[in-house]
Amino acid sequence: MDSPSPARRHSKKPKYSKFTQQELPACKPILSPGWVITTFAFIGLIFIPVGLASLFASQKVVEIVDRYDVACVPEHLQDDKLAYIQNSTEDKTCTRKLKVPRLMRSPIFIYYELENFYQNHRRYVKSRSDKQLRGKEGEGDTESCSPEAKTSNGSVIVPCGLIAWSMFNDTYGFSINSKVLDVNKKDIAWNSDKYHKFGSDVYPKNFQSGPLIGLSEQEDLIVWMRTAALPTFRKLYGKIEVDLEPNEEIMVTIHNNYNTYSFGGKKRLVLSTTSWIGGKNDFLGMAYLTFGGLSLLIAATFILIHLIRPRSLGDPSYLSWNKNPVGYSN
Amino acid sequence: MAFVRPLLDPSPRPPPVPGSLPPPSADLPRPIAEPPIGSDLSQNPFDSSSRLSNASARLRVDYNSGDRVLFPEPGSADSFRRVSGSRTAVRHGSGAESDRFGVASLREISDEDARFVYIGDPARTNERFQFTGNSIRTGKYSVFTFIPRNLFEQFHRVAYIYFLIIAILNQLPSSPSSDGYEDWRRHRADRIENNRTAYVLSDGEFRPKLWKDVRVGEIIRVRSNESLPCDMVLLSTSDPTGVAYVQTINLDGESNLKTRYAKQETLSKVPEKDPVTGVIRCEQPNRNIYGFHANMDIQGKKVSLGASNIVLRGCEIKNTAWVVGVAVYAGRETKVMLNSSGAPSKRSRLETHMNRETMLLAFILVAMCSIVSIFAGIWLRNHKDELDYSPYFRKKDFSEKEEENYNYDGIGAEVAYRFLMSIIVFQIMIPISLYISMELVRLGQAYLMIQDRNLFDETTNSRLQCRALNINEDLGQIKYVFSDKTGTLTQNKMEFQCASISGVDYQAEMDPLSADHADCSVRVGDQFWRPKMRVNVNTDLVKLLRSGHGREERKYVYDFFLALSACNTINSKLIDYQGESPDEQALVYAAAAYGFVLVERTSGHIVVDILGNRQRFDILGLHEFDSDRKRMSVIVGCPDKTVKLFVKGADNSMLGVLEESLDLDVVQATKNHLHAYSSLGLRTLVVGIRELTGGEFHEWKSSYERASTTLFGRSKALRLVASNVESHLHILGASGIEDKLQDGVPEAIESLREAGIKVWVLTGDKQETAISIGFSCKLLTTNMDQIVINSHSKEACRRSLEDAMAMSRKHLQMVHDAGRISLALIIDGTSLVHILENELEEELFKVATACDVVLCCRVSRTEDMTLAIGDGANDVSMIQMADVGIGISGQEGRQAVMASDFAMGQFRFLVPLLLVHGHWNYQRMSYMIVYNFYRNAVFVFVLFWYILYTGFSLSTAITEWSSVLYSIIYTALPTIVVGILDKDLSRKTLLKYPQLYGAGQREEGYNLNVFLLTMVDTIWQSAAIYFIPYLAYRNSTVDGSSIGNIWTLGVVILVNVHLAMDLFRWTWISHVVIWGCIVATWICVIVIDSSLSCPASALFWLCLLGILVVGMIPRFALKSFRGYFFPSDIRIGRELEKAGGYYEAVAGSIEMRPVVGAGGARS
């Protein structure tokens, strides 16, 4: 029975607000041909110059790469490199001559490059103790370090873990015309690592003989401990802070200590200048040029098709049921 | 999968066959027939859920119940009571159907099937079997079953099984909390219900008792306007004749009052003093609210009980001071509870599809894990000799005395470990967070729907209710709408519209003149009463009535209105008319408006205030309505000592018994008017009269008495008596009653049809009326081909169905040739019964699905998205079975609303709900699902590429923290905001072009192709993200975490820009979340890495820019290309919005085309 409600009830009508009525002011972009062509043309016009610039920068970088892991093994031991490297009596010194192709402006970065070394292997990356590295109080924290956590007599290893214990230990000496080139091995590690992640009161007691130096001072270790992303990687060894003239011959004295022979790894010495794009790498320039060009091509195609088959925007006759008045239901 | 059950089950109960009567019981012959109330439904071959049968039943009810007298001497109705002896029995029926009813109720119920209720003796009643107590529980879960049952519910989702495995591997917790909250609310409602008070007889008086403690067998007293606590058999009522009026609005949605009777054997007892003892033997609890079979053994007598003797839980007692009854069904065994058997949990179509793609993703995941683990095995074998001492693997452990393998159990075990580990690493491939986001998004969508002012109904002061939170997006994919008619399309308010009296058509005027209303008020004591309902009147007719005596015309009008006020079963309580039939109510109110005010009705006489002149008429006889005659009649003894027979009935049944030769012109004119009325969608009735001579009357009287004492075939005999007397009638006229359509229904249906939704209306009206209503609400249009099936034999049905099949096939062919003409299937109830009985359902369904409109039809099974809308309890099963059930919350009961997924005030709200919110929700949800799949997959692929470069060792450059935060912080908020707020098209556009709804029906937003295309794009994007930094930083000093940061930032930026590109509407909120997320990621990355001097070199920036552009180019190009050259309707709609009014002005003719196209017209 619909008797009129005796007391007019409080109306439950929803209050008006632009939000609840879904009427918030909004920008409604539509990919109109103008916008599409402009966007693609814009991308092309940005990408091609950037690509050219980075390609140019990359080309300007001078890079000397020398693989020495095979060449440094004496002729008679070539068949059994493992025996050579494991034999502690064998003299591991090896001399390489490098020719400077173009003028190399200081600073010239010295890298060692390892290939086929899975520094990103799960077993490897996990085998470290950041807590131990950070400070003295974490010395005993070696749980994550196995199988390099404790010595066989049960004392903790500092620094523990596979990473620390596989540190690269080849050394390089440079000279031009018998004049020794100074290698600056300071400031090769990240400051954040030096000051926050490696403690000055942590001494690598199982690691080094002689006077112990705090970890934060051992930049080569810090560099090594920042594990590489890919199985082929470079690590900064040091810097040469003089310009190298073209065609100069650099004598490199290598102490070939590091065993990459056991797992088929390769070792290279790299000398390189830098540019704003970093080292020598043409990829980015090429990629930018390619996709910039592609964008321009798409823009052009769009213009072309637009000219051949134009469509006026917002014409209701393009609605499916107007194009085909009876067939829309299926 | 979609259900395959029929939407509406035919009841297994066969229609009773009148020929096969069992031998009469011992207590026959009984001079007094069973009250026929309720018998109307005993022959209903359908389940109560069928509106069709119910409505046809309602037509019968119209003439059915009420007071009637066997046969008193003319003018001495009062003396009859004395005549009929010691019994105060008043309620006799000519009982045309009483035999059947009696048979049904006296049917022996076998002891195993019966439940015994010892009246007033709950202890003994519950002795043998513990009957259910009266407490109810509608919540799905109890405290103890919540966890296991909820888990089971959750496991319906394939992904959750996966999630469980992940949780075991990863110990991740989960919390589905919204279900719990819903259930808590239900429990609270139950608690309130259970703690209401009933008055139960104990120790000689009625004492309060909580509802939940009421037990079967107890005697309960219920007062006026109180709800019934359980199903009970009436013992006595405040009325000396044992009548009780109940309002069943909560049960079946009908707002009128129903009469129920206490048995004469019990009604004189006062339970407090004179305890009733006896046994009721009744059928097992069932959900048929219109049927009840029981016997009562009382004082050694066996009394049969039927549906008219039981009052059900959920009803309210009205107009009766008190009733006393005995509880027979309690708690969850009550009929109302059995009917509301918990809503089956629905799953949206989109989610079902999503589960399919989740499986696909799981497959991809397993494939990736297999690749990684197999390659890891190969790698290990190839490096077998080096691994012992290799610095990065170091299989040997030197720290112990003996050299042992460290963490290495051979290649096979290693492969297995890698496989499990890779599942953990790649697990976010399956977007578990998506399920949580979806819940949040649905919550937001529901909030916006509830808040929508366009879905607010002023008249009932009700908002939209979102009762189901997990099928919002289904609203955008509806293909079929099944609508109840009465009360859903119409207001269920009958209004007397026009009358044709002796061949003159009188149409009511729109404005009721206030002056006329003064005349229809009636003096009762010192007060003037006026009928509650206002009726539009025809001023000419009013003038004619008041013009004084003498004119022939006036005599007919006088008799016509007298017939209207006399020939019915309406009860009058101070001019407030109560009756089972709204049509009769309307007629009585109409008569009152014209000055024939029915003031009083007792069993033997009526008092009618005729134009201010109170007159008393004796009711000498009454032939109630039955479905064979389709008419009812009363024999009235007038004050002027004439005896008049008034007959009222359906036009086709009445035209046969008219004496056409007497007034040929009038009959012809009336026929024309009838045709005109039903074409207007009015419900028509014809009224006839015959004056009985003394001889005729006595002849009738004696044959009536003879018939009513017949032992066998009494109803048939009574029917014969009625048919004999109802002949040679003079036509008085015809009436047209309008069941007004709700506001905006025609427009709404038109919009729905344009949107490609097939609308099926379920109605029980006369075919002509149904068709005309169909026209008036634009369900049917003139250019549709109609297939009409109304055959009355099985064979004819089969034939017409075959014809219909042929026709629909022809139409299907025409689609290829010239386009299609819309088909409308109109089928009547009888044919439908024949078809369903003969297992022709399949054929019918084939025809029906080929049609655009189906009228008067019941639903068979379907795989397509269905929506059911209804308002009454009889629509509940339909609402529960459909993919989306909508309840109209209005004047009718709450049953439909309780069972529904969405409840709203008006039918027309269906249009904004489906076309606007449904479209938006579907669009948003489908995009969100695809996007979430993409978003997680792109991240996993980046991880995967990297793993290929780590000796398949499953190390990740992206930190584990970033993996966790990725779907929580880095990318979560934008998808949720987009899922709630983004909208492709404005409300205006969607309503203007309903065809845009087709996007959801065709599943454009989310389908396998979209998914696969997105996955291809995902691989490209992940490759761009991975390989650009990889190639740029190859042979450099870059360390894992630095390049990992680039990848993290690259993924997050790309994924968010991807979303930004697909965004339709940029509001300030979208700006905040999208750019905010990128900034938040940046901050997180810096914090997690803690190397605050993240090297932001030129290379780094160029990498990010490169990732962004290279990753987006294919998608952007494809999107712009498709949008411009192969535009979707949505795209055109957006352009239209942007173009503004330009095309509206120019292309007016095109605007018209959608309408024509939807109608399927081809000129």
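Modeller: Contact, as used here, means heavy atoms within 4.5 Å. This is a predicted model, in which local features need pLDDT of at least 70 and side-chain atom pairs count only at pLDDT 80 or more, while totals for chains, interfaces and linings use all residues. Residues are numbered from 1 along each chain as its sequence is written, chains are lettered from A in the order in which they are written, and side-chain values use heavy atoms, with hydrogens and water left out.

Colleague: How many residues of chain A and of chain B are in contact?

Modeller: On the side of chain A there are 100 residues, and they are in contact with 119 residues of chain B. Between them the two chains bury about 9,700 Å², 60% of it on carbon and sulfur atoms. Buried area is the accessible area (1.4 Å probe) that two parts lose on being put together, summed over both.

Colleague: Why is the pairing of Glu1135(B) and Arg311(A) called a salt bridge?

Modeller: The term requires a side-chain nitrogen of Lys or Arg within 4 Å of a carboxyl oxygen of Asp or Glu. The side chains of Arg311(A) and Glu1135(B) meet at 2.7 Å, N to O, so the pair qualifies. The count between chain A and chain B is 4 salt bridges.

Colleague: Which element gives the most to the side of chain A that touches chain B?

Modeller: That element is H8(A), with 10 residues; helix H8 covers 283-308 of chain A. Helices (H or I, at least four residues) and strands (E, at least two) are DSSP runs, numbered from the N terminus.

Colleague: What makes E4 and E8 of chain A paired strands?

Modeller: Two strands pair if DSSP finds at least two bridges between them. Strand E4 (residues 171-176) and strand E8 (residues 249-255) of chain A are joined by 6 bridges and run antiparallel, so the criterion is met. Within this pair, Ser175(A) stands opposite Met251(A) in E8(A).

Colleague: In which sheet do these strands lie, and what is its order?

Modeller: They belong to an open sheet of 4 strands in chain A, ordered E2-E8-E4-E5, with antiparallel pairing. Strand E2 (93-99) and strand E5 (179-181) of chain A stand at the edges because each has a single partner strand, which leaves one side of each without a neighbour in the sheet.

Colleague: How do you know that E25 and E26 of chain B pair?

Modeller: Strand E25 (residues 605-610) and strand E26 (residues 613-623) of chain B run antiparallel and are joined by 6 bridges. Val607(B) stands opposite Arg616(B) in E26(B).
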